[in-house]
Amino acid sequence: MSVSEIGNYSADRPSDAALSRWQIFEVGLVGAKYLLPIPVLLIAWELGARFGLINANLFPPPTAIARALSDLASTGMLWRDVSASIIRVSVGFSIAAALGISLGLLLGRLTALARYVLPLVELIRPISVIAWIPIAILWFGLGDKPSWFLIALGAFFPIFTNAYDGARSLAKVYVRVARCFGAPRWLFIRQVLIPATLPHIMTGLRIGLGTGWTCVIAAELISATSGLGYMIQLARTTIETEKVLAGMVVIGLIGFAMNALMLLAERVLLVKEPETN
């Protein structure tokens, strides 16, 4: 290749910034095709309801659900219920995270203590959160407290299990090195145990947050006077199916956003180490 050809090739070649923008656009196009079933389903649903192929009373068309969402948002009821549910999840999830991580790491390092505690944990784990609703109401009455309890209970087990597995899988060489250097317990926990188990902890937190979000809806269906679950229950009693489905759409969107935020937090916190040749 001659010098002039090299110059022409360099002039015609897109810059790194343009190439990067094209790659982002190309990745976006590839990812967008996987979302194609969603509009297809919505169009089919809308046409089926309008032409009588689907019972519009039981399955209101997407346009009716959108109108119901708009009405709920304009009156302020939607934002009140969304904020109530998110606050309840935040409190219950924080309790579950604090207890699950601390107990999981503790039992993961203290095998003798784990032999006595794990059977109790495994005995309570299979009990559905729904089965705890009557007990939660008897213990805490109506309001936010039973919801906090149910959310914390539902989110605790995945957080605890992953933290426990992470602590159990800690390489013994790390422990021996820390002991050789005489590292105090607090330094071992901060510099060795938590960084090594962080991938397991983040996985448990992500699963626990999703579980807690489903638990708050179940709790609000019965023991609350606000929140998305309460909104759905109220719409059911008045046979406003479009509002029931609108509430379900909001629940799904918020749950999707929560999972996306946890995935982003994982990418930020779990920085990959550079590969060595």
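Okay, let's go straight to helices α6 and α8. In this predicted model, α6 covers residues 111-124 and α8 covers residues 144-168. Their axes sit 13 Å apart, and the packing angle is about 155°. Anything over 145 counts as roughly antiparallel, so that's what we call α6 relative to α8. As for handedness, the crossing of α6 past α8 is left-handed.

Who's actually touching whom? On the α6 side you've got T111, A114, L118, V121 and I124. Across from them, α8 brings F157, F160, Y164 and R168. Sort the residues of that contact by class and you get seven nonpolar, one polar and one charged. The polar one is T111, and the charged one is R168.

Now stay on α8, but swap the partner for helix α7, residues 133-140. Here the axes come within 9 Å, and the helices cross at roughly 135°. That angle falls outside the antiparallel cut-off of over 145, so α7 and α8 go down as oblique to each other. And the handedness? α7 makes a right-handed crossing with α8, whereas for α6 with α8 the crossing was left-handed.

For the contact itself, α7 puts in I133, A136, I137, W139 and F140. They meet K145, P146, F149 and L150 of α8. By class, this contact holds eight nonpolar residues, one charged and no polar ones. K145 is the charged one, if you're looking for it on the screen.

So, stepping back to the whole chain. How many helices and how many strands are there? The chain has 12 helices and zero strands, so to speak α from one end of the pattern to the other. There are 277 residues, and 33% of them count as buried. Take the contacts between residues at least 6 apart in sequence: 71% of those join residues at least 24 apart.

Last thing, confidence. Mean pLDDT for the chain is 80, with 77% of the residues at 70 or more. Which elements have the lowest and the highest mean pLDDT? At the bottom is helix α1, residues 3-12, with a mean of 46, and at the top is helix α5, residues 77-109, with 92. Around α1, pLDDT is below 50 over residues 1-14, and that stretch has one contact in the model beyond near neighbours in sequence. Then there's the stretch 273-277, where pLDDT also stays under 50. For those residues the model has zero contacts beyond four places in sequence.

Technical notes:
Residues are numbered from 1 along each chain as its sequence is written. This is a predicted model: local features need pLDDT of at least 70, side-chain atom pairs count only at pLDDT 80 or more; totals for chains, interfaces and linings use all residues. Side-chain values use heavy atoms; hydrogens and water are left out. Axes are lines fitted to C-alpha atoms, for helices over the stretch in contact, and angles run from 0 to 180 degrees between N-to-C directions. Helices (H or I, at least four residues) and strands (E, at least two) are DSSP runs, numbered from the N terminus. Angles under 35 degrees count as roughly parallel, over 145 as roughly antiparallel, 65 to 115 as roughly perpendicular and the rest as oblique. A crossing is left-handed if the near helix is turned anticlockwise from the far one by less than a right angle, and right-handed if clockwise. Contact means heavy atoms within 4.5 Å. pLDDT is the predictor's confidence in each residue, from 0 to 100. Buried means under 20% relative accessible area, exposed over 50%, partly exposed in between (1.4 Å probe, protein chains only).
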